[in-house]
Amino acid sequence: MVNAWLAEELARRHEVTVLTSGAFDLAEHEVQNGVEIVRSNTFFRRQMAVANLPSMASFIVGGVRKGRQLLKAREFDVINTHFALPTGPVGASMARAAKLANVLSVHGGDLYDPTKWMSPHRHFLLRSIVSRIVSCADAVVGQSRNTNENLKRWYRPEREPYLIPLGIPRPPAASAGRVELGLASNEFVMTTIGRLVARKGIDQLITALSHLPGENARLVVIGDGPDLPALQQQAARLRLASRVTFTGFVSDQQKVNWLAASDIYVSTSQHEGFGLVFLEAMAQGLPIVCYDHGGQTDFLADGTNGMILPLNDLEGFTRAVGRLEADVALRQRISERNRKDVEQYFIERCASRYEELFRSLAASGPRARCR
């Protein structure tokens, strides 16, 4: 999503073409909000929300071919490749073929995912591929200190990446309230957003809900993914099925509606490269309760923006949620601070910093190494 937001903001002043993967019923070519979107057919993908190794390999092969076709059809000034894998080889190939500068943007999970056996940092071959992609890029951009630290620790310690925090668009006003969403006015609503995969640790949120006193709290889970059946079974086993709402995939407007109707935002994610969802929640004035492992520590401070707990301290996490549930004045104070702090993370600031980097590299041209 962040790539789409960045592309749309840049498209206000430039011509932007996005080459991405295609699957299911997605159009091969379309224009959205001024951005030309070209999709390379991808095979072996079983779910829209989750890629697998065969589908990623398929995208690399098809993406390189589609990229060469794009280069023959029009002229570009710079290549911006998002994610080291699987898009890294595609962007590098296009940059070499057209002798253009390639800006590699890494987002965290493409370098380091502690819950995935196939995370590139765990395997020599994948680590070597990512290291070469990083080495050959004309510039590398990480969106958080944590992402840049992982890049240097696992791949290229000599590389000095740029730090450009991600941004979100200014959200629209909510178009539905608690009544329309089926929420009671006296409920304490905790919301989380993300793919339903192991890294998000949503099972911990359901466990925390079971330990809160009383029956006034509700957990809203926004997103879809392969862990949905197991999470539904867990909620039923703990007799919480009526107090856990799984919304599935929702539109941006629906997401705003759910956040605006909530009391706090919660996350037990095991790692986030940056954590745009925290910014989306802050824009709605929600206090945050999360762990301290990941890029969100760049902009979240314990006691200021919410409660930030040590990784997997579920007992402390549950106490923090209970404290916020009981203290309306504390929630209001944090809410006002979060609405103020999020102002520096709207997408226009992120886009302007990318523009400055693109102009510099387009003027100087690509480096000779790895060409």
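**Questions on strands, helices and loops**

Student: Which helix lies across β1 and β3, and at what angle does this helix run to β3?
Tutor: Helix α2 (residues 53-73) is the element that lies across β1 and β3, where helices (H or I, at least four residues) and strands (E, at least two) are DSSP runs, numbered from the N terminus. Axes are lines fitted to C-alpha atoms, for helices over the stretch in contact, with contact meaning heavy atoms within 4.5 Å. Angles run from 0 to 180 degrees between N-to-C directions, and on this scale α2 runs to β3 at about 130 degrees.

Student: What kind of model is this, and at which pLDDT do side-chain atom pairs count?
Tutor: Residues are numbered from 1 along each chain as its sequence is written, and side-chain values use heavy atoms, with hydrogens and water left out. This is a predicted model in which local features need pLDDT of at least 70 and totals for chains, interfaces and linings use all residues, whereas side-chain atom pairs count only at pLDDT 80 or more.

Student: In what order do the three strands of the open sheet with mixed pairing stand?
Tutor: Two strands pair if DSSP finds at least two bridges between them; β1 and β3 (residues 35-41) run parallel and are joined by six bridges, while β2 and β3 pair in the antiparallel sense over four bridges. The edge strands, each pairing on one side only, are β1 (17-22) and β2 (29-32). The three strands therefore form an open sheet with mixed pairing in the order β1-β3-β2.

Student: Which residue in the turn of the hairpin of β2 and β3 has a positive phi?
Tutor: Within the pairing of these strands, V31 stands opposite E36 in β3. The hairpin leaves two residues between β2 and β3. The residue in the turn with a positive phi, of about 50 degrees, is N33.

Student: How many of the seven residues of β3 are buried?
Tutor: Buried means under 20% relative accessible area, exposed means over 50%, and partly exposed lies in between (1.4 Å probe, protein chains only). Strand β3 is largely enclosed by the rest of the structure, and among its residues are S40, which stands opposite S21, and N41, which stands opposite G22. The enclosure follows because the number of buried residues among the seven is six.

Student: What is the relative accessible area of V90?
Tutor: V90 lies in helix α3 (residues 88-98), and, not counting residues up to four places away in sequence, V90 touches L19, F59, I60, G63 and V64. V90 counts as buried because its relative accessible area is 4%.

Student: In what order do the four strands of the open sheet with parallel pairing stand?
Tutor: Strand β5 (residues 101-106) and β6 pair in the parallel sense over four bridges; V103 has A139 as its bridge partner in β6, and L104 stands opposite V140 in β6. At the edges are β4 (78-82) and β7 (162-163), each of which pairs on one side only. The open sheet of four strands has the order β4-β5-β6-β7.

Student: Which residues of β6 point the other way from A139 and V141?
Tutor: In a regular strand the side chains alternate between the two faces of the sheet. In strand β6 (residues 139-142) all four residues are buried, with A139 and V141 pointing one way and, pointing the other way, V140 and G142.

Student: How are the axes of α7 and α8 described: roughly parallel or roughly antiparallel?
Tutor: The axes of helix α7 (residues 202-211) and helix α8 (residues 228-237) come within 10 Å and cross at roughly 10 degrees. The contact is made by I202, D203, I206 and T207 of α7 and by L231, Q234 and A235 of α8. Angles under 35 degrees count as roughly parallel, over 145 as roughly antiparallel, 65 to 115 as roughly perpendicular and the rest as oblique. The two helices are therefore roughly parallel.

Student: Is K99, with its positive phi, buried or exposed?
Tutor: Most residues other than glycine have a negative phi, and most peptide bonds are trans. K99, in the loop between α3 and β5, has a positive phi near 55 degrees. Because its relative accessibility is 63%, K99 counts as exposed.

Student: Which residue follows L85 across a cis peptide bond?
Tutor: The bond that leaves L85 is cis, with omega near 5 degrees. The residue that follows, placed in the loop between β4 and α3, is P86.
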